[in-house]
Amino acid sequence: MYTLPESVKSDLRKIAEEIDSASLRKGYASISKAYGSSAFGKKMSRCEAVAYAVARMPATFGAISYVINRFRKKVPGFRFDKVLDAGSGTGALAAFFISEGINVAYTAVEKDGNMAKVFTQLTKGCGFFVELFEEDSGDFFDKFKDRKFGCSFLVYSLNEMKDKIGILKKIFAATEDFVFVIEPGTPEGFKNILSAKKLANSEGCSVVAPCVSENCGLREDDWCHFCVRISRSEDHVRIKNASLFREDEKFSYIITARNSFKPVCGDRIIKRPMKRSGHIIFDVCSENGIKRKVLANGTVKGKYLWGDELERKQ
Ligand SMILES: C[S@@+](CC[C@H](N)C(=O)[O-])C[C@H]1O[C@@H](n2cnc3c(N)ncnc32)[C@H](O)[C@@H]1O
């Protein structure tokens, strides 16, 4: 179960204390209502930006941690160096590097002034170099055409960007090693992941994870997504009017490599495994497309979860 680092949690608590809980709840209600409506992507008030950090940042942090930790197991010894975070919001990706004690040179681009302000408050004193550009990501790439990054990230932000293909093209051009795109685990979010995959293929980049098959063989009405469990703080429980101190965050993702790196992968389990009496059913993405594998109890070594690789080849 993932949880924001203590230093970020404590700074966030202090920021949230400046606003009464009823206003924070209203702020959260207003950002939730905006999703999927014409208000989506509108300018955030201070209260909405703080509500985002309290209510959503733990979940996006959880998705980031899941994706990067699995990546690090596949690419042992990889050093994050020059990192770009386009649509950085309140700093969930920075919080990951803080929590892991990873020293990076971190460039954030965020168009919303109030999100940028919370980002600055939460990354102050993080111990690594941070520069924040408060502007549209497309404009940032146009202005700094010669700047290159080792790894670039679009975390829950591509779905908010108007010119998605344009941004993807610019981010691929600016990245020397790996591009990470994480989106909400919805059909729309997955469509954006597929666009990134298509573009990566046409740019000659390889897909590192989660796809095993070159072309996506999922039915058109299906979408590939994964799930991570995160813990909720008291403020988080209060703002969502919830009762549980944990939640499950669904997300879709893709990691592509410009350096043509392609790890050896077992079949990826793309749905929650179904336990039946005497056997387990796994839906997997394999080199031969989407397959259903039915394995008798006892023939599977260890415990395999949704998102894991089955029958590892290395
Ligand atoms: C849902 S938030 C995600 C924030 C953060 N990446 C996270 O994972 O928590 C999306 C962010 O992208 C920003 N954004 C959307 N379009 C943008 C653009 N064209 N340029 C820069 N930032 C953008 C929004 O202002 C918002 O802060």
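The following questions and answers concern a predicted model of a protein with a bound ligand.

User: How many residues surround the ligand, and which are the closest?

Analyst: The shell around the ligand divides into seven nonpolar, six polar and six charged residues. In total, 19 residues surround the ligand. The closest are Tyr52, Gly87, Glu110, Ser137 and Val155.

User: What is the distance from a nitrogen atom of the ligand to a backbone N or O atom of Ser137?

Analyst: Polar backbone atoms of several residues face ligand nitrogen atoms within the 3.5 Å limit for a polar contact. For Gly87 the distance is 2.9 Å, and for Lys111 it is 3.3 Å. For a backbone N or O atom of Ser137, the distance to a ligand nitrogen is 2.8 Å.

User: How much of the area that the ligand exposes when taken alone does the protein bury?

Analyst: Polar contacts to the ligand include one from the backbone of Ser137, at 2.8 Å. Taken alone, the ligand exposes 600 Å². Of that area, the protein buries 95%.

User: What span should helix H4 have, and how far apart are its end C-alpha atoms?

Analyst: Helix H4 covers residues 57-74, which amounts to 18 residues. At 1.5 Å a residue, the helix should span 26 Å. The model agrees with this expectation, because the end C-alpha atoms of H4 are 26 Å apart.

User: Is helix H4 mostly covered or mostly uncovered?

Analyst: A residue counts as buried under 20% relative accessible area. Of the 18 residues of H4, 14 are buried. Helix H4 is therefore mostly covered.

User: Why does Cys265 form no disulfide with Cys285?

Analyst: A disulfide is a covalent bond between the sulfur atoms of two cysteines. A search of the whole structure finds zero disulfides, the cut-off being sulfur atoms within 2.5 Å. Cys285 holds the cysteine sulfur closest to that of Cys265, yet this pair is too far apart for a bond, at 9.1 Å.

User: Which cysteine sulfur is nearest to that of Cys285?

Analyst: Cys285 counts as buried, at 8% relative accessibility. Cys285 is in no disulfide, and its nearest cysteine sulfur is 5.9 Å away. That sulfur belongs to Cys211.

User: Is Cys216 buried, partly exposed or exposed?

Analyst: Cys216 is found in the loop between strand S6 (206-209) and strand S7 (226-231). Its relative accessible area is 34%, and values between 20% and 50% count as partly exposed. Cys216 is therefore partly exposed.

User: How far apart in space are Cys216 and Glu110?

Analyst: Glu110 is among the residues closest to the ligand. In sequence, Cys216 and Glu110 are 106 residues apart. In space, their C-alpha to C-alpha distance is 31 Å.

Methods
Residues are numbered from 1 along each chain as its sequence is written. This is a predicted model: local features need pLDDT of at least 70, side-chain atom pairs count only at pLDDT 80 or more; totals for chains, interfaces and linings use all residues. Side-chain values use heavy atoms; hydrogens and water are left out. A residue is near a molecule or strand if one of its heavy atoms lies within 4 Å of it. A polar contact is a pair of N or O atoms within 3.5 Å; within protein, one must be able to donate a hydrogen and the other to accept it, and residues adjacent in sequence count only if both atoms are side-chain atoms. Accessible areas come from the Shrake-Rupley method with a 1.4 Å probe; for residues, only the protein chains shown count as cover. Ala, Val, Leu, Ile, Met, Phe, Trp, Tyr, Cys and Pro count as nonpolar, Asp, Glu, Lys and Arg as charged, and the others, Gly among them, as polar. Helices (H or I, at least four residues) and strands (E, at least two) are DSSP runs, numbered from the N terminus. The expected span of a helix is 1.5 Å times one less than its number of residues. Buried means under 20% relative accessible area, exposed over 50%, partly exposed in between (1.4 Å probe, protein chains only).
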